Amino acid sequence: MHTTAIDRRRFIQLAGLSGLAAACKPSWLYAATEGRYAREASPEFHADVEFELTAGVTSVPMMPGKHTVVWRYSGKLLKGPETALVDLPGTHLGPILFFEKGQKVRIYFRNDLPEANIVHWHGLHVPQIMDGHPMYDVKTGSGYVYEFTITNRAGTYMYHAHTHEATGRQVYNGLAGLIIVTDAEDRILDLPRGEYDQPIVLQDRSFDADNQLQYVQSMRDRHMGMQGDEMIVNGKRHFVLPVATRAYRLRLMNGSNSRIYKLAWEDGTPLTVIATDGGLLEKPVTRAFVMLAPGERVDLWADFSGRKIDTDLTMKSLPFSGAMPGHGGGARSGMDHGGQGGGMMGHGMMGVMHGGEGGASGMHQGMNRMNHDEQSAGGGGADGHGGMGMASNSALPLGGEYAVFKVHIMREEKETHQLPSTLTKHDRLQRADAENAQSPRKITLSMARMQWLLNGREFEMEGASPEETITMGTLQLIEFDNGYTTGQHGMGMSGMSGMSGMSGMAHPMHIHGQQFQIIERKIRDDLSGGYDTVSPGYVDDGWKDVVLVMPGEKVTLLKRFDHFKGLFLYHCHNLEHESMGMMRNFKVV
């Protein structure tokens with residue numbers, strides 16, 4: 001049986017990182033004077049940790065047989081503890097970056113890809129120029145020096161490409177990795193560490209007969225989000241985690257482009273959650289299942305004591321509904337009858353072709369964009385998966401039941417750790433303290449002119465409306481409305497005569513910068529059926545930076561905007577939606 005676990009020191013030795021001297025300098029550092037950097041190092045910034053991070057093209061063994069060509073972030077430690085950067089041999093994922101709260105970090109990023117790239121430090125609270133905004137895209141052969149202080153509490157974060165109109169394709173090709181932050185509060189808790197603290201990155205991918213990645217093969221892939229037909233966990237197919245009969249900390253991250261998981265152990269063992277996006281919860285919470293949308297993270301306390309040696313336990317994604325058109329749980333849509341060539345085309349697109357608001361020009365504009373994206377990605381065009389139909393051909397249908405990964409009980413070991421009853425103390429944000437307590441900043445999620453939109457607007461690189469302009473140092477009340485108020489269920493497509501009453505799509509909404517707290521969720525009565533299959537799996541107790549907003553749902557949250565002025569993105573973390581314009585700026589002044 002092939003088993004895979006991550007041990008920090010063992011991987012450091014395998015990658016040849018342990019002998020790096022703190023005084024090393026990047027081989028291309030002095031090229032900065034020749035214009036190789038889009039941004040150079042600051043002499044007044046004295047880093048505790050430095051490393052090189054290079055985006056390049058390579059190949060890895062993802063499937064049996066021929067290696068798969070991927071785009072990958074590779075790292076080289078220059079200064080700091082030898083455990084600060086852990087490479088993962090044989091995977092498309094970038095190295096795991098281990099930081100301490102309070103550390104000053106300098107990253108020499110180099111772009112060796114055939115196109116522009118920029119890196120976003122998802123979940124970290126950093127200045128605008130360090131956040132990976134696509135306005136700072138780095139050209140081929142150039143670089144960018146990131147410098148920031150780790151102010152986040154201990155938790156599981158990530159980094160990934162955030163390139164203008166290319167984020168989905170670049171992340172799908174491999175440009176992503178994990179960040180793990182520790183602090184004094186986390187260390188004093190008696191939580192599993194070392195080999196008993198395992199990061200698990202969940203992704204789905206599709207491959208052609210030559211084991212090469214396939215991206216956006218149809219209109220459905222673009223509009224609904226890319227759904228692969230193979231589970232890839234920590235860069236491996238059929239991932240198996242070897243464990244002992246004791247407690248583990250499993251750091252699960254949804255690194256998929258658009259797939260939503262409903263995670264549960266196959267034998268019904270409850271899941272014990274100890275942390276979410278922004279770190280530890282105040283107390284452990286127990287769920288029969290946990291929902292995990294793209295970009296979300298959850299840490300589990302998983303106790304395998306008492307299990308028999310040489311047995312397996314499978315983590316599955318269970319059935320759910322209501323997350324997309326024709327997915328049940330609400331009003332029936334034209335997609336219910338679509339099949340391969342019908343669905344959205346048969347009942348909706350024809351309305352655009354015959355005019356109406358937006359009319360044929362909107363259809364033409366949207367199709368031009370999709371065709372351009374699919375050709376540049378090497379896709380099969382509009383006929384790649386059953387012509388123009390919106391039905392998915394994935395072997396892992398959204399909301400279906402399938403295995404995600406396995407745990408294999410390898411050896412017996414006495415347990416020395418007990419689950420703490422209290423983990424941390426949160427400062428609970430109060431609605432009354434918000435600057436706009438009586439008038440929430442409302443963000444409607446919709447679609448028009450073949451684009452996903454926020455408040456009816458598409459992405460503007462440096463644009464921000466008055467309602468998106470925020471005074472620094474304030475607490476803000478924000479609402480994400482996915483059809484709760486409008487009744488359009490997030491799919492208000494101008495001119496689509498067959499779309500009225502159609503249930504829309506779930507949107508995982510991400511806000512850059514500081515984490516937020518969710519204070520309220522509301523759902524339309526007519527869409528409660530699908531909602532009831534997912535809502536018991538929400539974990540809203542802690543700090544978050546991604547929130548899943550179901551069709552017909554309104555989510556209210558509180559978020560601070562401290563320390564840094566500038567433009568900070570908020571967007572759907574369904575990466576195809578982001579690339580189609582479902583992204584805007586908050587302007588902090």
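Which residue takes a positive phi in the hairpin of E12 and E13? That residue is Asn234, with a phi near 50°, in a hairpin that has two residues between its strands. Welcome to a short tour of this structure, which is a predicted model. The stops are a seven-stranded open sheet, two buried polar residues, Asn254 and Asp186, two separate nonpolar cores, and a set of 18 aromatic pairs.

**The open sheet**

- Seven strands make up an open sheet with mixed pairing, and their order is E13-E12-E11-E15-E20-E17-E18.
- At the edges are strand E13 (236-237) and strand E18 (279-287), each of which pairs on one side only.
- Strand E11 (residues 197-205) and strand E15 (residues 247-254) run parallel and are joined by six bridges.
- Across that pairing, Asp197 has Arg249 of E15 opposite it.
- On the other hand, E11 and E12 are antiparallel, with four bridges between them; here Arg205 faces Glu230 of E12.
- E12 and E13 are also paired in the antiparallel sense, over two bridges, and Ile232 has Arg237 in E13 as its bridge partner.
- Strand E12 (residues 230-233) is covered on both faces: Glu230 and Ile232 are buried on one side, Met231 and Val233 on the other.
- As background, strands of a sheet pair through backbone hydrogen bonds, in either a parallel or an antiparallel way.

**Asn254, a buried polar residue in E15**

- Asn254 belongs to strand E15 and has a relative accessible area of 1%, so it counts as buried.
- Its side chain reaches two backbone atoms: the nitrogen of Ser256 at 2.9 Å and the oxygen of Leu292 at 2.8 Å.
- Leaving out residues up to four places away in sequence, Asn254 touches Leu202, Arg259, Ile260 and Tyr261, as well as Leu292, Ala293, Pro294, Gly295 and Glu296.

**Asp186 and its link to Arg249**

- Asp186 sits in helix H3 (residues 184-188), and it is buried because its relative accessibility is 2%.
- The side chains of Asp186 and Arg249 make a polar contact at 3.3 Å; Arg249 is also the residue in E15 that stands opposite Asp197.
- Beyond four places in sequence, the residues that Asp186 touches are Ala154, Leu191, Arg193, Arg249 and Leu280.

**Nonpolar cores**

- The largest nonpolar core holds 43 residues, and Phe480 and Val547 have the most contacts inside it.
- Apart from neighbours within four places in sequence, Val547 is in contact with Glu296, Phe480, His507, Pro508, Met509, Phe516, Ile518, Arg521, Val555 and Leu557.
- A second core, separate from that one, has 35 residues, among them Leu53, Ile118, Tyr159 and Ala161.
- In general, nonpolar side chains of soluble globular proteins tend to be buried together.

**Aromatic pairs and a cluster**

- The count of aromatic pairs comes to 18.
- In one of them, the ring centres of Phe109 and Tyr146 are 6.5 Å apart and the planes meet at 55°, so the pair is tilted.
- This pair links distant parts of the chain, with Phe109 in strand E6 (residues 104-111) and Tyr146 in strand E8 (residues 143-149), 37 residues apart.
- Phe109 counts as buried at 0% relative accessibility, and Tyr146 is likewise buried at 0%.
- For Trp265 and Phe405, the centres are 6.3 Å apart and the planes lie at 75°, so this pair is edge-to-face.
- Trp265 is in strand E16 (residues 261-265) and Phe405 in strand E22 (residues 402-411), so the pair ties together parts 140 residues apart in sequence.
- Trp265 is buried at 7% relative accessible area, and Phe405 is buried at 2%.
- One aromatic cluster is formed by Tyr73, Phe109, Trp121, Tyr136, Tyr144, Tyr146, Phe148 and Tyr159; Tyr159 is also included in the second core.

**Charges over rings**

- The charged end of Arg246 is placed over the ring of Tyr196, 3.6 Å from the ring's centre.
- Arg521 lies over the face of Tyr538, with 3.7 Å to the ring centre, and Arg521 is also one of the contacts of Val547.

Terms used:
Residues numbered from 1 in each chain as written. Predicted model: local features only at pLDDT ≥ 70, side-chain atom pairs only at ≥ 80, totals over all residues. Heavy atoms only, no water. Pairing = 2+ DSSP bridges. Buried < 20%, exposed > 50% of the residue type's maximum accessible area, 1.4 Å probe, protein only. Polar contact = N/O pair within 3.5 Å; in protein donor to acceptor, adjacent residues only side chain to side chain. Contact = heavy atoms within 4.5 Å. Core = buried A, V, L, I, M, F, W, Y, C linked by side-chain atoms within 4.5 Å. Phe/Tyr/Trp six-rings, centres within 6.5 Å; stacked < 30°, edge-to-face > 60°. Lys NZ or Arg CZ within 6 Å of the ring centre and 35° of its normal.
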